[in-house]
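Please look at the sequence and the model below before reading on. The paragraphs that follow go through the fold step by step.

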Amino acid sequence: MLCDASLTLTQAIAPATLSRRPYMMRLAEMTWPAVAALPKSTPILIPVAALEQHGHHMPLFTDSLLLGEVVRRLEESHGMRALFAPLTWLGNSEHHLDFAGTLSASPRVYLDLLGDVASNFLHHGFTRILFLNGHGGNDVPGRQAVFELRQRFRQRQDLLLLFATYWLIPSKPREWPANFAQQQMGHACEWETSMMLRIQPHLVASNFRDVAPVPFGNPFEPAARGWVTQDRSKPGHIGQPGLASAEKGEVLLATFAADAAALLDRVLAWDGVSWDG
């Protein structure tokens, strides 16, 4: 009887639950005929992040978890207007390899990985590809990947190949609330710690407020300096994690998700030939 009652309850609840769930075009959940039937101008969103050290107070999967939340919010607004690929958690994290637990694809391997993933979608006929990035170390190889990909398909005039890091999308400086100490992304910092406190507070060490700040410094800017993390930070973080809060985290996540949505709107509105977007 208990078994029968349980089945009856499940059958009664399941249809209502499913009907309330918004439909999302998630590649991992679709059949190949469903993907093949999509308009080839459908934007392909490919999230890329990392698994690497985040100091003494934050989990290794921080970048992937935070990007996953940005993408989740983006799915709520654009879930039926873009095809969302699964998050690629392996990133270019060579500069963090001195810290245990960090996993990395070397720069050339990572660059080729991104190029191959995008090429697969081009092979299937899609023409608009947006890599949405959640790890600073992916930014240089990611930009190079879409640049090289465009050279490979240089005879095509219908391709839009983009790589964007979610906290760098706006074209002008943001105006953060007065209680924000940092004006830029660090590492396991006020920003990242705040966002993690908002979405997964149990993964942040309880003594995070006691973590001493590590300044950003000026590494011969505007020149680009080669570096590994231990050049800048012995504990692994950069910034002021002790000032983090869940309230700040919501401000950051809402802002970054809105920025990503605005960029995706531009991809959707592209006329298919113009340089401007």
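**The sheet and what surrounds it**

The model, which is predicted, contains an open sheet of 4 strands in the order β2-β1-β3-β4, paired in parallel. The edges of this sheet are formed by β2 (83-84) and β4 (160-165), and each of these strands pairs on one side only.

Before going further, consider how confident the prediction is. The chain has a mean pLDDT of 92, and 92% of its residues reach 70 or more. Residues 1-21 have a pLDDT below 50, and this stretch makes 2 contacts in the model beyond near neighbours in sequence. Where pLDDT is low, the predicted coordinates should not be read in detail.

Now go through the sheet pair by pair. Strands β1 and β2 are parallel and are paired over 2 bridges. In this pair, Ile44 faces Leu83 of β2. On to the next pair: β1 (residues 44-48) is joined to β3 (residues 128-133) by 5 bridges, and the two strands run parallel. Here Val48 is the residue opposite Asn133 in β3. Finally, β3 and β4 also run parallel, with 6 bridges between them. Leu132 has Ala164 of β4 opposite to it.

How many residues of β1 are buried? The count is 5 of 5, so the strand is mostly covered, where buried means under 20% relative accessible area. The side chains of β1 point in two directions: Ile44, Ile46 and Val48 go one way, while Leu45 and Pro47 go the other way, and all of them are buried. The edge strand β4 is mostly covered as well, with 5 of its 6 residues buried.

Two helices lie across the strands β3 and β4. One of them is α5 (residues 139-152), which runs at about 175° to β4. The other is α8 (residues 246-269), which lies across β3 and β4 at about 170° to β3.

**Helix α3**

Helix α3 covers residues 62-78, which is 17 residues. From its first C-alpha to its last it reaches 24 Å, close to the 24 Å expected at 1.5 Å a residue. Why is α3 described as largely enclosed by the rest of the structure? The reason is that 12 of its 17 residues are buried. Among them are Leu66, Leu67, Val70, Val71 and Leu74. The buried set also includes Asp63, Glu69, Arg73, Glu75 and His78.

What do the buried residues of α3 pack against? They pack against three strands, β1, β2 and β3, and against two helices, α6 (190-199) and α8. For α6, the geometry can be followed in more detail. The axes of α3 and α6 come within 10 Å and cross at roughly 65°. The crossing is left-handed. On the α3 side, the contact is made by Thr62, Asp63, Leu65, Leu66, Glu69 and Arg73. On the α6 side, Glu192, Met195, Met196, Arg198 and Ile199 take part.

**Backbone details in the loops**

Some places in the loops are worth finding in the model. Ala188 sits in the loop between β4 and α6. Its phi is positive, about 50°, although Ala188 is not a glycine. Is Ala188 buried or exposed? Ala188 is buried, since its relative accessible area is 0%.

The loop between α6 and α7 (229-232) holds Pro222, and Phe220 is found in the loop between α6 and α7 too. Phe220 is another residue other than glycine with a positive phi, near 65°. Phe220 has a relative accessibility of 62% and therefore counts as exposed, because exposed means over 50%. A little further along, the peptide bond from Glu221 to Pro222 is cis, with an omega near 15°.

**A distance across the model**

The last stop is Leu113, in helix α4 (residues 107-123). With a relative accessible area of 32%, Leu113 is partly exposed, because that term covers values between the limits for buried and exposed, under 20% and over 50%. How far apart in space are Leu113 and Asn179, C-alpha to C-alpha? They are 40 Å apart in space, and 66 residues apart in sequence.

Note on methods
Residues numbered from 1 in each chain as written. Predicted model: local features only at pLDDT ≥ 70, side-chain atom pairs only at ≥ 80, totals over all residues. Heavy atoms only, no water. pLDDT = per-residue confidence, 0-100. Contact = heavy atoms within 4.5 Å. Pairing = 2+ DSSP bridges. Axes fitted to C-alpha atoms, helices over the stretch in contact; angles between N-to-C directions. Expected span 1.5 Å × (residues − 1). Buried < 20%, exposed > 50% of the residue type's maximum accessible area, 1.4 Å probe, protein only. Left-handed = near helix turned anticlockwise from the far one by under 90°.
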